[in-house]
Amino acid sequence: MLFQTVEFLILLIVVLVAIMAIRRRRWQHSILTAASFVFYGWWDVRFLLLIMLSSVVDYSAALGIVKSRRMTVKRRTMLGMLLVGAAVFFLLPNWPEWQAALKAGHMPAPGTPWIAQWSGAFPAIGLMLAIAVLGPLTYALWDRLPDAKRRKAFLYTSIVVNLGVLAFFKYFNFFVDSATGMAGAVGWNISVTALEVALPVGISFYTFQTMSYTVDVYRGQIRPERSLLRLALYVAYFPQLVAGPILRPSQFLPSLKQPWALRADRVRSGCHLALQGLAKKVLIADNIAPLVDVIFAHPQGQSSVVIMLGSMLFAIQIYCDFSGYTDIARAISRMFGVEIPINFNFPYFSTSITQFWRRWHISLSSWLRDYLYIPLGGSRVSVPMTYVNLMITMLLGGLWHGASWNFVVWGGYQGGLLAAHKLLLNVTDRSSSLKRWATTWWGTALRWAFTTWLWLLGWLIFRVTDFGDLWYCIKKFIFFDAVLGLGAAGLGRGDPFTAAGAAAVFCVLHGIDYLLFCRTGKIYANALCTVPYPVRATVYAGAAVAFFFGWPSTNGAFIYFQF
Amino acid sequence: MPEPPTHHPRPENDPGASVGPVLLELARLAAPVLIGLAAAVAAQHWFVLPRLGFPAEVRRPIAMSESLDAGLFNKQTNTAVAVIISNSAGVEGVDANIVQQAAPEGWQVFNFSSNGTNQLETRMLADTLADAGADLVIWLMRPDMLESPRDMHADVTHAWAKGGFAQDRDWLGAPWVDNQTLQALSSGPWETSMHFRRRWLDELNYTMRRRMRQGIRTPAANDWVAPFNLEIELDGERLDRHLSEIASQMDAALESFNATGEGTGRSFITDMADDFAQRPATLGIIIAPTHPALSDQFTPVEAAVHNFLVPLGHRTGVLIGNAGGLLHAHHYADAIHPDAAGRETLSHWIGKWMPAPASVHTHPTDR
């Protein structure tokens with residue numbers, strides 16, 4: 001379910017009304033969990049099994065870590081959940097056709113079976129039995145281990161299951177293709193059948209989120225959650241389920257200790273933030289996307305100007321797409337009374353690549369820092385190992401984005417830049433004149449320009465998946481050819497005015513937003529809360545007009561959903 | 001073993017739900033939004049769309065409808081009306097004047113081709129022309145039209161709705177069009193207005209595009225004789241690229257090319273021919289010429305189309321012609337559109353192919 005659709009608006013209204021009308025915590029949690037499952041199941045109901053699996057495994061693992069005997073959910077209830085999920089997943093092979101038809105308001109084509117043939121059901125039943133036996137058996141086995149071993153066993157089980165599901169659904173075909181490709185290159189012909197599995201939307205986000213829960217319990221930073229319902233809500237919380245921000249348990253679970261309630265000031269502020277996010281997504285990102293697609297569909301032969309233009313437009317598109325989603329997620333959550341932390345903090349105004357990563361996708365970079373970089377040793381090890389740790393973290397961070405080598409290269413590129421910046425800082429720290437220069441206005445401007453150039457190059461690596469095309473783009477980006485070549489680039493096919501106009505509007509408004517933030521500490525959405533109503537009303541009416549005339553005819557999915 | 005201490009921060013005290021203020025806040029938000037939307041809808045319907053008109057790509061079908069309503073086919077005594085319909089190959093490739101001169105005496109010839117016309121649009125147009133009094137409707141058909149009918153573009157659907165082409169067409173519906181398209185084909189003026197709400201942006205994009213690209217074809221909306229306006233001729237790498245695009249399109253079309261039964265291109269054309277057998281107007285289908293560079297791919301396809309059409313023609317009275325190999329490479333401006341020389345050759349051929357008016361004035365099933 002996309003945020004910018006009528007279905008989502010209906011779901012949101014139902015949830016808001018429910019929160020207003022129902023004061024009992026447990027009922028609120030039940031409704032919100034159900035709404036989150038509807039939200040996620042709208043894509044493909046079968047993938048709810050994965051969320052349920054993550055929730056049940058991490059719930060049990062966390063309780064196992066502290067050897068708690070006070071589960072509020074009976075084990076057979078959890079087992080039942082998993083078996084029902086598994087049955088839906090495996091026994092309804094044509095569910096996507098049924099779901100698509102039902103959403104379109106008609107029955108599927110005649111003859112579409114709704115249940116698997118017996119031959120297809122046997123492995124499914126086998127797997128369900130395995131879940132039914134292995135789950136309780138593993139729990140019982142680990143539970144008898146000595147304390148330290150037991151804690152580790154439960155932690156590793158959680159990590160293996162979560163990463164296993166992620167690896168299977170997201171990376172299996174990628175690794176198989178890469179392995180057969182490499183084997184072919186050295187003359188071994190291996191034939192491995194690729195799996196026809198659809199990538200569950202947002203799987204990387206909720207996998208990281210749920211893993212952080214078990215790790216935090218293991219570290220003793222939080223108590224395990226005794227209610228499976230509350231943990232399931234934490235894992236599946238719909239505003240941020242499919243594209244983050246990746247929530248830490250300590251940022252969310254405490255809010256469940258008392259009933260949620262709507263308040264006028266939070267509703268107002270939330271609406272403003274949602275409006276801002278929606279504008280970023282549909283008026284800017286979706287209007288730029290067609291031109292970016294045209295440029296990068298066939299980049300070979302394009303001039304440097306066109307490649308740079310493509311990179312700049314993509315930079316705006318991905319920022320508005322992703323931060324627009326985050327704004328809407330935060331806005332909805334704010335209306336419920338739960339504050340989700342920011343995920344972007346004006347990253348394009350960064351004057352170094354390190355600063356950029358502190359401002360871009362903050363929840364991921366801080367997750368990687370806390371759960372990967374620091375456990376690897378971080379910067380508390382030898383200098384060379386610090387760089388190795390940095391590189392490993394960024395390479396895996398790159399791979400997190402998608403099962404494609406260009407994301408690995410992108411991660412390596414970012415890791416290299418961060419390492420280079422760290423090295424440079426060591427040098428400049430020893431020179432007081434260099435440090436002084438760096439803070440002058442033109443030193444700052446130069447650092448900003450160079451940082452911008454570096455991340456623009458990075459976006460090329462992120463966007464262009466074919467390595468031949470990518471190499472061409474990088475050459476053109478670095479060795480400027482000073483040819484305009486806009487017409488020959490076929491830009492006419494991508495609604496050039498709309499894209500250029502949206503980009504220009506973004507640059508101006510984002511610049512003003514940054515200045516406003518620097519002076520007052522408020523972004524548009526917050527500043528608007530305090531202005532007199534007539535001014536706000538004028539802005540609302542103006543926004544309605546802008547959305548009416550600028551909303552593209554087809555709703556584009558959010559880029560980060562695929563991750 | 002004691003459980004580890006909690007680090008959960010204590011949530012702030014919430015004063016609790018207050019329905020009244022929340023609803024008031026939402027109302028204060030919704031009121032200006034609704035006023036803004038109402039103003040935008042009104043501006044679009046009464047100002048923007050009337051001032052800018054429909055997009056250039058869809059003006060021609062609307063103009064066709066208006067011209068027919070205005071009595072374009074008011075026949076002089078002893079003349080019969082022949083109308084050529086096709087996609088851009090017909091727009092660029094047919095000069096109705098030349099056709100008329102080459103045709104047997106007594107024909108008044110029009111070119112109602114329009115860019116991108118697919119099978120569904122062709123049939124709606126043919127029906128409308130027959131209703132408007134055309135005696136002979138000639139479909140200059142690209143061989144790939146034997147594939148399963150393609151979906152209509154949303155803009156085009158609304159333009160055809162605006163022209164009223166879908167009215168009283170009982171064949172429209174499954175399996176040829178889905179409910180959504182059918183709904184759009186019967187949309188009223190308000191729905192059409194709302195559909196083209198980005199019209200002002202389209203206009204600015206179009207202006208910018210024309211400055212950036214050469215050779216954008218926009219046929220005159222109201223010219224039913226000589227609508228062609230191709231400005232450039234492709235050669236070298238650009239021509240090769242265009243040829244390869246057309247070859248790919250043909251490959252895609254071939255996937256459903258030989259399919260028979262419900263919902264296929266063959267059954268669509270059979271249905272159309274059967275329908276025309278019951279009408280006073282005659283339907284003619286000419287296989288359109290294809291570029292010689294694509295002959296390896298197209299010649300067998302043309303032969304298959306011809307083999308399908310000829311028996312159909314015998315059964316239903318549809319006139320069949322094959323101009324597949326008519327033009328040489330120098331007759332083309334690009335991979336698909338004839339240039340001036342190609343247009344002259346093709347138009348002359350069509351004129352010569354046309355029967356005498358008297359032979360189509362009889363009902364085909366009586367012949």
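What percentage of the 563 residues of chain A count as buried? Let's work that out together, along with a few more exercises on this predicted model.

**Exercise 1. Describe the overall make-up of chain A.**

Step 1. Begin with burial: 41% of the 563 residues of chain A count as buried.

Step 2. Turn to secondary structure, where chain A has 22 helices and zero strands.

Step 3. Look at contacts. Taking those between residues at least 6 apart in the sequence of chain A, 75% join residues at least 24 apart.

Step 4. Check the confidence. Chain A has a mean pLDDT of 84, with 85% of its residues at 70 or more. Within chain A, helix 22 (residues 533-550) has the highest mean, at 94, and helix 4 (residues 75-91) the lowest, at 64.

**Exercise 2. Find the residues that touch the most other members of the largest nonpolar core, then follow one of them.**

Step 1. As background, nonpolar side chains tend to be buried together in soluble globular proteins.

Step 2. The largest nonpolar core holds 130 residues, and those touching the most other members are A:Ala236, A:Ile284, A:Ile288, A:Leu313 and A:Ile316.

Step 3. Follow A:Leu313. Leaving aside residues up to four places away in sequence, A:Leu313 touches A:Ile288, A:Leu291, A:Val292, A:Ala499 and A:Ala503.

Step 4. Another core, of 83 residues, lies apart from that one, and its members include B:Ile84, B:Ile285, B:Val305 and B:Met354.

**Exercise 3. Decide what to make of two loop residues in chain A, A:Phe346 and A:His361.**

Step 1. Recall the background: most residues other than glycine have a negative phi.

Step 2. A:Phe346 has a positive phi, near 50°, and is not a glycine. You will find A:Phe346 in the loop between helix 12 (304-336) and helix 13 (353-359) of chain A. Because A:Phe346 has 17 C-beta neighbours inside 10 Å, it counts as partly exposed.

Step 3. A:His361 is not a glycine either, and its phi is positive at about 45°. A:His361 sits in the loop between helix 13 and helix 14 (362-376) of chain A. With 22 other C-beta atoms within 10 Å, A:His361 is buried, the cut-off being 20 or more.

**Exercise 4. Summarise chain B as a whole.**

Step 1. Chain B contains 14 helices and five strands.

Step 2. Compare its radius of gyration with the globule rule: chain B has 26 Å, whereas a compact globule of 367 residues would have a value near 21 Å.

Step 3. Along the principal axes, the C-alpha atoms of chain B fill a box of roughly 95 × 55 × 45 Å.

Step 4. Buried residues account for 41% of chain B. Of its contacts between residues at least 6 apart in sequence, 79% join residues at least 24 apart.

**Exercise 5. Place strand 4 of chain B in its surroundings.**

Step 1. Strand 4 (residues 282-287) of chain B is largely enclosed by the rest of the structure, because six of its six residues are buried.

Step 2. In a regular strand, side chains alternate between the two faces of the sheet. Here B:Thr282, B:Gly284 and B:Ile286 point one way, B:Leu283, B:Ile285 and B:Ile287 the other.

Step 3. Identify the partners. Strand 3 (residues 136-141) of chain B pairs with strand 4 in the parallel sense over six bridges, and B:Trp139 stands opposite B:Ile285. Strand 5 (residues 319-322) of chain B also pairs with strand 4 in the parallel sense, over four bridges, with B:Ile287 opposite B:Asn322.

Step 4. Trace the connection: from strand 4 of chain B the chain passes through helix 12 (residues 295-316) of chain B to strand 5, in a right-handed β-α-β crossover.

Conventions:
Residues are numbered from 1 along each chain as its sequence is written. Chains are lettered from A and ligands numbered from 1 in the order in which they are written. This is a predicted model: local features need pLDDT of at least 70, side-chain atom pairs count only at pLDDT 80 or more; totals for chains, interfaces and linings use all residues. A residue is buried if 20 or more other C-beta atoms lie within 10 Å of its own, exposed if 12 or fewer, and partly exposed in between; C-beta atoms are placed from the backbone. Two residues are in contact if their C-beta atoms, placed from the backbone, lie within 7 Å. A nonpolar core is a set of buried Ala, Val, Leu, Ile, Met, Phe, Trp, Tyr and Cys residues joined through C-beta atoms within 7 Å. pLDDT is the predictor's confidence in each residue, from 0 to 100. Two strands pair if DSSP finds at least two bridges between them. A crossover is right-handed if, with the strands pointing away from the viewer, the path from the first strand over the helix to the second runs clockwise. The radius of gyration is taken over C-alpha atoms; the globule rule is 2.2 Å times the number of residues to the power 0.38.
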